Amino acid sequence: MAAIRNIVILTGAGVSAESGIDTFRDSGGVWEQHRVEDVATPEAFARDRDLVLRFYDMRREAIQTRQPNAAHLALAKLQAQWPGRVTLVTQNVDDLHDRAAAALGVTAADLIHMHGEHLNAWCTACDVRSPWAGPLLDRPACPSCGEAALRPDIVWFGEMPYRMEEIFAALREADLFVSIGTSGAVYPAAGFVRNARDLGAATLELNLEPSQGSLWFDEARHGPATVVVPAWVEEMLAR
Ligand code: NAD
């Protein structure tokens with residue numbers, strides 16, 4: 001591999017699976033009668049607000065009982081110790097990357113939640129996002145304007161992901177693009193590998209199994225994130 005300075009890493013639900021957070025495809029339990037698509041659209045929110053709020057209240061509560069795993073911790077270590085820039089773009093709405101990074105001084109600019117965050121609420125009246133750990137079902141007042149108009153700060157299907165300009169700026173500078181624990185089914189994130197290739201970066205996939213976009217990667221390593229990610233990070237830091 002040619003000299004690597006700047007790295008862009010895209011993570012998906014697979015990186016949090018071993019922390020006990022369901023991936024997109026096997027969300028189950030009490031919600032198995034709902035496909036995630038049915039509760040993750042603006043249309044669903046307009047149609048049945050209580051159903052959507054209850055779904056997100058349950059997931060917001062659940063993530064707070066989970067802990068970062070060895071993959072989150074290894075990626076935070078890479079961000080803290082790599083001599084170039086490591087931009088971590090996550091599709092995950094949990095805060096496990098944030099918690100792994102907190103102790104290591106990783107800056108918020110280098111951790112991009114492109115699909116929003118469970119632990120934020122977004123006021124549809126005043127447009128302010130506030131940290132939020134409790135339920136939304138009981139229509140609490142927005143801390144900023146007082147209106148009972150909060151929704152989950154989650155990018156639903158059909159909505160524009162966050163910070164796309166920053167992501168494309170990082171992809172333009174990237175020497176290496178790494179995709180971890182994502183199925184390659186949800187766009188625009190699924191297209192980043194082709195953008196990165198077109199812009200001249202080497203590409204690597206770390207996933208439990210070949211993803212839908214596997215053919216676009218120069219190299220793939222398959223296995224659980226808590227095994228393959230720390231091994232790759234140690235390899236990079238030993239270069
Ligand atoms: P996905 O469920 O479509 O794909 C998960 C991928 O991870 C699969 O390819 C699977 O083979 C792989 N995987 C499963 N367990 C793994 C493990 N232990 N180690 C490594 N890989 C593993 O998820 P996605 O591609 O992230 O897309 C789903 C969408 O749903 C995203 O938009 C995301 O915002 C949202 N989502 C987020 C969370 C979260 O925040 N933790 C959880 C579920 C869904």
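The following paragraphs lead the reader through a predicted model of a protein chain, from its domains to its pockets and single residues.

The domain assignment divides the chain into two parts. Domain 1 is made of three segments, 7-21, 68-115 and 161-237, whereas domain 2 is made of two, 30-64 and 120-154. The centres of domain 1 and domain 2, taken over C-alpha atoms, are 26 Å apart. Contact between the domains involves seven residues of domain 1 and seven residues of domain 2.

The second largest pocket is a suitable place to begin. Its space amounts to about 180 Å³. Fifteen residues line this pocket, and the closest to its centre are Asp98, Leu111, His113, Glu117 and Arg163. Where does the second largest pocket lie with respect to domain 1 and domain 2? Both domains give residues to its lining, and therefore the pocket lies between them. Three elements each supply at least two residues of this lining: α6 (96-102), β3 (111-113) and β4 (116-123). Sorted by class, the lining of the second largest pocket contains six nonpolar, four polar and five charged residues.

Arg163, one of the residues closest to the centre of that pocket, deserves a further look. Arg163 stands in the loop between β6 and α7 (164-173). Its phi is near 55°, a positive value in a residue other than glycine. Because its relative accessibility is 31%, which falls between the limits of 20% for buried and 50% for exposed, Arg163 counts as partly exposed.

Strand β4, which helps to line the second largest pocket, also leads to a group of cysteines, for Cys123 is found in this strand. In an unreviewed entry, UniProt lists Cys123, Cys126, Cys142 and Cys145 under "binding site". These four residues are spread over 23 residues of sequence, yet they cluster in space, with a largest C-alpha distance of 8.6 Å.

Two members of the group can be examined in turn. Is Cys123 buried or exposed? Cys123 counts as buried because its relative accessibility is 0%. Apart from its neighbours within four places in sequence, Cys123 is in contact with Val128, Cys142, Cys145, Ala149 and Leu150. Two of these partners, Cys142 and Cys145, also appear in the UniProt list. Cys142, in turn, is placed in the loop between β5 (129-131) and β6 (150-154). Its relative accessibility is 3%, so Cys142 also counts as buried. With neighbours within four places in sequence again left aside, the contacts of Cys142 are Cys123, Cys126, Glu147 and Leu150. Leu150 is thus named among the contacts of Cys123 and among those of Cys142.

Other residues in this part of the chain complete the picture. Asp127 is placed in the loop between β4 and β5. Although Asp127 is not a glycine, it has a positive phi of about 70°. Ser130 is found in strand β5. At 7% relative accessibility, Ser130 lies under the 20% limit and therefore counts as buried. Beyond its neighbours within four places in sequence, Ser130 is in contact with Leu119, Asn120, Ala121 and Pro143.

Attention now turns to enclosed space. How many cavities of 30 Å³ or more does a search of the whole structure find? The search finds one. About 80 Å³ of space lies in this cavity. Its lining includes Leu10, Phe177, Ser179, Thr182 and Gly184, and also Ala189, Ala190 and Val193. Glu205, Ser211, Gly213 and Phe217 belong to the lining as well. By class, six of the lining residues are nonpolar, five are polar and one is charged.

A special feature of the backbone occurs at Pro188, which is found in the loop between β7 (176-180) and α8 (192-198). The peptide bond that joins Tyr187 and Pro188 is cis, with omega about 5°.

The last stop is helix α9 (residues 225-237), in which Val228 is placed. Val228 counts as buried because its relative accessibility is 13%. Leaving aside neighbours within four places in sequence, Val228 is in contact with Leu206, His222 and Gly223. How far apart are the C-alpha atoms of Val228 and Arg151? The separation is 36 Å, and the two residues stand 77 residues apart along the chain.

Key. Residues numbered from 1 in each chain as written. Predicted model: local features only at pLDDT ≥ 70, side-chain atom pairs only at ≥ 80, totals over all residues. Heavy atoms only, no water. 1 Å grid on protein atoms, 1.4 Å probe; cavity = no way out; pocket = protein on both sides within 12 Å on 5 of 7 lines; lining within 4 Å. Points joined across faces, edges and corners; volume = space filled by probe spheres on them. Helix = DSSP H or I, 4+ residues; strand = E, 2+ residues; numbered from the N terminus. Nonpolar A, V, L, I, M, F, W, Y, C, P; charged D, E, K, R; others polar. Domains from an automatic or database assignment. UniProt positions renumbered as here; feature names shortened; annotations may be inferred. Buried < 20%, exposed > 50% of the residue type's maximum accessible area, 1.4 Å probe, protein only. Contact = heavy atoms within 4.5 Å.
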